[in-house]
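Colleague: Could you walk me through this one? I'd like to hear how each label is earned.

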Amino acid sequence: MLAHVDVNSAHVSFERVFRPDLEAVPTVVLSNNDGMVVAASREAKALGLDLGKPWFELRPHADRLGVRALSSNYELYGDMSRRTMDVLARFTPDLEIYSIDEAFLKISPKIARDPAAMTDLGRDIRSTLRRLIGVPVYVGIAETRTLAKLSNRAAKKLDVFTGVCVWPATRPQRRHRLMSSLPVSESGVSPLASSGAWWRLESRRSRISPQPIQSESARHSTSW
């Protein structure tokens, strides 16, 4: 069983540790030479500021909305990432650093047998990182990396999970909706794979009867 831990809007969250005045303020972080938006807070995303867009196009709109824009500080992000991973290493001897703001933790067999214990572990990870580092994270727990990332996405998108989604403890109907709504680009599977390949594979692994993949239009209208 694996836990996938992801720092929410990492670059912005790292900046906010030292800039509490930015808390709850729509904030974006820009690329080298302030060329484009590479990170955005939840508040900024809610205003329609998309990642990867040229900043000169977004700036007039952002200025009107009171969005704060920061130049990238890679030294800070690297240091905060190391601190975050050092704390995560306290929870397991088997830590896989996936990126600057993501990691997989192997869960001990004893905890993996108990969904309630896995939920408590996820909550402990969240509260410890918030207390020691000052960053918000989401936790998804499942049997495979793909399902753990999907669980993390659910923990981030759905308030019902309060930041921690344990896949084995999630109702089958909700699992189906989550899996059918996940774009292939976010599944951790190569884009060259067929649109339903990862779905069928993970459905078998988690012993869920697969359902047809929804069309793109239906996917966007899925009720969580």
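Colleague: What makes you say that β2 and β3 (residues 37–40) pair, and which way do they run?

Modeller: Two strands pair if DSSP finds at least two bridges between them. Here three bridges join β2 to β3, and the two run antiparallel. Leucine 30, for one, has valine 37 in β3 as its bridge partner. Strands themselves are DSSP runs of E, at least two residues long, and are numbered from the N terminus (helices are runs of H or I, at least four).

By the way, this is a predicted model: local features need pLDDT of at least 70, side-chain atom pairs count only at pLDDT 80 or more, and totals for chains, interfaces and linings use all residues. Residues are numbered from 1 along each chain as its sequence is written, and side-chain values use heavy atoms, with hydrogens and water left out.

Colleague: How do you know that β2 also pairs with β4 (residues 68–71)?

Modeller: Four bridges join β2 to β4, and these strands run parallel. Valine 29 stands opposite leucine 70 in β4.

Colleague: Why are the β2 residues Thr27, Val28, Val29 and Leu30 called buried or exposed, and which is it?

Modeller: Buried means under 20% relative accessible area, exposed over 50%, partly exposed in between (1.4 Å probe, protein chains only). All four are buried, with Thr27 and Val29 pointing one way and Val28 and Leu30 the other.

Colleague: There's also a sheet with the order β5-β6-β1-β7-β8. What makes β5 and β8 its edges?

Modeller: That sheet is open, with five strands and mixed pairing. β5 (95–99) and β8 (164–166) each have a single partner strand, so one side of each is left without a neighbour in the sheet.
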